[in-house]
Amino acid sequence: MSTDSAPAKASAEEPSGATSEQPDTTDETVSELLSEAAARAAVPGAAPARASSGAAPGTSSAATPEGTPGADEPGGPTGAPDEPAHAGDLPPSARPLTAALLNLSGLGLGYLHLRAWIRLAVALAATAGLAWVALPIGREPIAAWWAVGYVGALALLALDAALLARRRARRATRKRTVWTPRAAGRVAWATLAVVPLLSVGYVVTQHEVLEEYLAYDLDQAAQSLESAGSVFGPFRDEYDAAYAMYVRTADEHPSTRAADRVPGLVDDLYTQAKGKDACNALTVVRHFAEPGTPGPLQGVAEAEVPDALHDCGIRSADLGQFPTAKKYLTELLVDHPVSDPAAALPGDLEKWRDGLLKDLAGKDGCDDTEHVTGSTGFLAGFDSGKVSALADEARTKVPAGLLKCGVQQLERRQYAASAQNMAGLLESYPRAKEAEYAERVQIAAGIALVDPKAGVKVPARDEPEGTITLTVYNYSPDEFEMVYTGPATGVVKIEACDDCEYIAEGDDPECSVYSLTHPSKTVTIPKGDYITATRYDGIVQGWLGNEVDKVSYTASGGLCTWTYEH
């Protein structure tokens, strides 16, 4: 076993300045060298390890092991910079794998190790090209085929490096390399993490950049709605654009933090668009409930249509907009008959009607009465029997409301409105208990219209008993009506005189204040000062079409009336 100790002895005895070539023992221990040398010696046919001949320092061995290049062959002792073979080298079969692994780093380290400079430039150009495409990082990642192509290029470069290393091994040449074989193996395995780490870093960074872009888009969309008014119609486009941005963000980037914000932003948009007005909300609900609306609002809005119709209909009824209210509530009953709002509508309208009737006792009698009056026709117009039946009770309350309104208008000197309201009461509710007093209020308002300065007062509800009689004779071929107000208010109606003729203007008939041949009417009235006028076709006019007459009746008497020629 002398061959095992020879290398160690030679190594120990060789001075530092020896000119003979010695094995490169970088990163190797003495024991490793001995073990490898023993292993090679034990293999039949293996090339023998270079042995020290025990020559004196300063001399070189002329022996050339079998199978190694000679002095005349490339890479031989006289060849220039070929790396010497030594016991620490990896077997040639391991070198292609090392070169291939080094090239998988994307930095061309396999070519650098083999000193293949042109190939190194090509490898670096491939990596630089990918970097030029991928940088700077934008909101969207590079196309997948770029990454696939780059990985394919790395595979080709690795294969080429392996083939290059194998060709050199087969030619039994030992060209100088950058690292020792063992160091190259360690670098190769370590650099395998370069591409995965850079890929992970790129993906994480690109995702964060995308998050920033998406957050900016969502913020801009939300800010565009800050100036939107309370009415949806004029700002429809702004709401649609913001909603489209929200939906697109959630659909295209569902795994982002921005997508997590979208449900809250959609809720805010929907709430803001509907506002506080029920009919504006109905417009919004109808808009987003349209078929083809993207995102979550289509289903939400479609489910809210019955409630929106109900709320807008009741709101319109509150405002006295009965045609609008009837339109929406009828749509609710016809198109959504089994919905909860449709089932609750009769009860809700009953509460609404009762509220109107309760308000009739308030101070604002005219507006409330107008609502109640309109509500009767509104409720009666529904095909639903439960709804139309609600109009009956409202009708019983309307006369009292109309009378109250007419009295208020007379007190406020709104004479025309008062007379009109009383005429409506008498026409629509002639049998109501309020009809008798309403007629007296109408007379007083009509007289006041002829002469607003006449000092007409609101007729007393309970008039004093009459103490004197007044007989009126009609000397005219036309029917005659005289209206009066004072301690008592009323009308004297006398049929036409068949035997009478029109009197020439300026002449007076012979009026004896007593006649058996002329039509007449006698009334009993309290004593006092009265204002009188005539009335034709329901319109109060002054005497001779000019003014009212103020008369004091203190005793029973009579008067005559006639008509001048036209």
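Reader: Hey, quick one: does A445 count as buried or exposed, and at what relative accessibility?

Author: A445 counts as buried, because its relative accessibility is 0%. Buried means under 20% relative accessible area, exposed means over 50%, and partly exposed is in between, using a 1.4 Å probe and protein chains only. Keep in mind that this is a predicted model: local features need pLDDT of at least 70, side-chain atom pairs count only at pLDDT 80 or more, and totals for chains, interfaces and linings use all residues. Residues are numbered from 1 along each chain as its sequence is written, and side-chain values use heavy atoms, with hydrogens and water left out.

Reader: ok cool. Which helix is A445 found in, and what does A445 touch?

Author: You'll find A445 in helix α19, residues 435–450. Helices (H or I, at least four residues) and strands (E, at least two) are DSSP runs, numbered from the N terminus. Not counting residues up to four places away in sequence, A445 is in contact with L410, Y415, S418 and A419; contact means heavy atoms within 4.5 Å. There's also A417, 28 residues apart from A445 along the chain, with 8.8 Å between the two C-alpha atoms.

Reader: Zooming out, how many helices and strands are there in the protein?

Author: The protein has 19 helices and eight strands. It has 566 residues, and 38% of them count as buried. Among contacts with a separation of 6 or more, 66% come from residues 24 or more positions apart.

Reader: New topic: helix α10. How many residues does α10 have, and how far does it reach?

Author: α10 covers residues 257–274, so to speak 18 residues, and spans 27 Å from its first C-alpha to its last. That is close to the 26 Å expected at 1.5 Å a residue, where the expected span is 1.5 Å times one less than the number of residues.

Reader: Where does α10 bend?

Author: At P263, by about 30 degrees. The bend is the angle between axes fitted to the seven residues ending there and the seven starting there. After α10 comes G275, which has a positive phi near 65 degrees.

Reader: And which residues of α10 are buried?

Author: A258, A259, V262, L265, V266, L269, Y270, A273 and K274. Y270 turns up again in an aromatic cluster with F232, Y239, Y243 and F288.

Reader: Ooh, aromatics. How many aromatic pairs does the structure hold?

Author: The structure holds 11. Rings of Phe, Tyr and Trp (its six-membered ring) pair if their centres lie within 6.5 Å; planes under 30 degrees apart count as stacked, over 60 as edge-to-face and the rest as tilted. One of the pairs is F378 with F382, edge-to-face at 5.2 Å centre to centre and 75 degrees between the planes. Both F378 and F382 are buried.

Reader: What sits over the ring of F382?

Author: The charged end of K326, 5.7 Å from the ring's centre. A charge sits over a ring if NZ of Lys or CZ of Arg is within 6 Å of the ring centre and within 35 degrees of the ring normal.

Reader: Last one: what joins the side chains of T563 and S476?

Author: A polar contact of 2.6 Å. That's a pair of N or O atoms within 3.5 Å; within protein, one must be able to donate a hydrogen and the other to accept it, and residues adjacent in sequence count only if both atoms are side-chain atoms. T563 lies in the segment after β8 (557–561), and T563 is buried because its relative accessible area is 10%.
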